[in-house]
Amino acid sequence: MTHVFHRHLRSVPPVAVSAKGMLIRDEPGKEYLDASGGAAVSSLGHGHPDVLAAMHAQIDKIAYAHSAFFTTDAAEELADTLIAGAPEGMSHVYLVSGGSEAMEAALKMARQYFVEIGQPQRSHFIARRQSYHGNTLGALAVGGNAWRRAPFAPLLVPATHVAPCYPYREKHAGESDAQYGLRLAAELEAAILAQGADRVIAFVAETVGGATAGVLVPVPGYFRAVREVCDRYGVLLILDEVMCGMGRTGTLYASEQEGIVPDIVAIAKGLGGGYQPVGAVLAQRKIVDAMSRGSGFFQHGHTYLGHPVACAAALAVQRVIQRDGLLDKVKSGGEAFGSLLRETFGAHPHAGDIRGRGFFWGIELVKDRDSKTPFDPKLQLHARIKKTAMANGLLCYPFGGTVDGRSGDHVLLAPPYIATAQDLGLIAGRLRASLDEVLAALPAGQAA
Ligand code: PLP
């Protein structure tokens with residue numbers, strides 16, 4: 001009997017009792033190798049002594065002060081650290097408690113910017129199909145995952161959804177990456193013009209797509225073309241790096257590798273590495289200046305903005321990443337991890353696509369590789385893989401709806417940056433064994 005309103009109401013998950021490094025242990029003592037850091041959260045693994053020490057020290061000093069009354073050293077130092085490593089022109093950090101909160105703040109910040117500069121007619125967001133920006137109503141409205149949106153559709157503000165950058169399924173035969181990127185940017189431009197160029201607030205995109213389509217790495221040049229289109233019409237570019245940011249792809253911000261600078265970027269997950277609920281929005285100086293000259297404040301706020309313990313934890317996580325050179329490790333280790341996944345799954349008859357960057361990889365599973373036909377969604381292949389992998393002592397992050405929000409399955413891997421070559425080998429091996437076990441148990445004809 002449980003009184004916790006769990007995610008699923010017909011089963012209760014195992015009780016996690018302790019965790020250290022790459023491992024989480026449950027109540028009976030079974031150990032799970034954490035290959036996904038939850039949902040790409042645990043960048044430093046579990047129980048990192050430096051982060052724990054920073055949190056203890058902060059609690060001893062001051063555990064909470066409301067941001068309408070005080071600032072704290074922890075919030076100031078975290079903001080200084082983030083701005084020091086941020087994309088060019090970012091001047092301020094808005095500190096929240098998670099990814100959805102960060103995206104809500106980003107959307108409202110963009111809207112208020114235009115109100116402040118005398119363009120209140122801008123009221124529309126454009127985002128992408130198969131994106132995920134969070135489960136609160138604003139973030140869900142811009143998100144493009146059909147399954148997550150469906151029950152709440154009547155509550156969501158209208159938004160336009162253009163194509164994601166999903167070469168495995170949507171790049172035409174004979175089309176180069178450059179041509180594909182330009183085609184997508186032209187679709188964005190057409191969507192802006194269809195709304196009326198002066199009515200669009202922002203284009204919202206995950207720099208590297210995460211949970212809903214299983215790691216979508218943009219083709220080279222796509223984001224440069226997107227940036228140009230946004231600039232042409234005075235539309236802001238909001239990047240959601242909640243999952244792909246803070247080193248996950250080998251650079252602190254995934255946008256660095258695309259050679260562009262966003263107007264607003266949202267981060268969370270790897271920011272605090274799971275040690276505390278924390279997220280942040282970084283804004284370009286022009287946005288902060290407009291508010292500062294205009295109404296003088298951002299008309300937003302939550303009780304736990306800039307929570308001192310969350311800030312202290314995030315600061316410690318970011319300091320460890322810098323001190324231990326973990327970005328370089330993710331970059332080089334990520335290449336090795338990619339090669340390992342290709343060795344392990346490249347010839348697998350049901351691994352349709354293996355894609356990723358740094359310590360952020362997705363394997364898209366298909367019934368038939370030649371036709372790219374997905375498995376029957378009724379099989380819930382992703383759920384079977386998650387269950388079997390857990391039974392085999394592996395935590396990965398499989399999800400369904402990869403293709404269009406309903407059909408398709410993928411497995412997302414996002415190991416902590418501390419993972420060793422031996423850990424990565426274990427991850428690939430246990431995932432392969434789990435996948436094969438699941439496929440062998442499917443009803444006859446389903447895996448043919
Ligand atoms: N944006 C992206 C890209 C995400 O992957 C997520 C969570 O998975 C969110 C936003 C929402 O973050 P949270 O679950 O912390 O609210």
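1. Let's start with a pocket. In the second largest pocket, strand 4 gives the largest share of the lining, with five residues. Keep in mind as you look around that this is a predicted model.

2. Strand 4 (90-96) has company there: helix 3 (73-84), strand 10 (279-284) and helix 10 (285-293) also each bring at least two residues to the lining of the second largest pocket. If you want to find the middle of this pocket, look for His 92, Val 93, Tyr 94, Leu 95 and Leu 305, which lie nearest its centre.

3. As for numbers, the volume of the second largest pocket comes to about 700 Å³, and 28 residues line it. By type, that lining splits into 17 nonpolar residues, 10 polar ones and one charged.

4. Now over to the ligand. Around the ligand you'll find Gly 98, Gly 99, Ser 100, Tyr 132, His 133, Gly 134, Glu 206, Asp 240, Val 242, Met 243 and Lys 269. This shell is made up of three nonpolar, five polar and three charged residues.

5. Which residues have a side-chain N or O atom 2.5 Å or 2.9 Å from an oxygen atom of the ligand? At 2.5 Å it's Ser 100, and at 2.9 Å it's Lys 269. Tyr 132 uses its backbone instead: an N or O atom there sits 3.4 Å from a nitrogen atom of the ligand.

6. And how much of the ligand's exposed area does the protein bury? On its own the ligand would expose 390 Å², and the protein buries 81% of that.

Methods: Residues numbered from 1 in each chain as written. Predicted model: local features only at pLDDT ≥ 70, side-chain atom pairs only at ≥ 80, totals over all residues. Heavy atoms only, no water. Near = heavy atom within 4 Å. Polar contact = N/O pair within 3.5 Å; in protein donor to acceptor, adjacent residues only side chain to side chain. Areas by Shrake-Rupley, 256 points an atom, 1.4 Å probe, with all protein chains shown as cover. Nonpolar A, V, L, I, M, F, W, Y, C, P; charged D, E, K, R; others polar. 1 Å grid on protein atoms, 1.4 Å probe; cavity = no way out; pocket = protein on both sides within 12 Å on 5 of 7 lines; lining within 4 Å. Points joined across faces, edges and corners; volume = space filled by probe spheres on them. Helix = DSSP H or I, 4+ residues; strand = E, 2+ residues; numbered from the N terminus.
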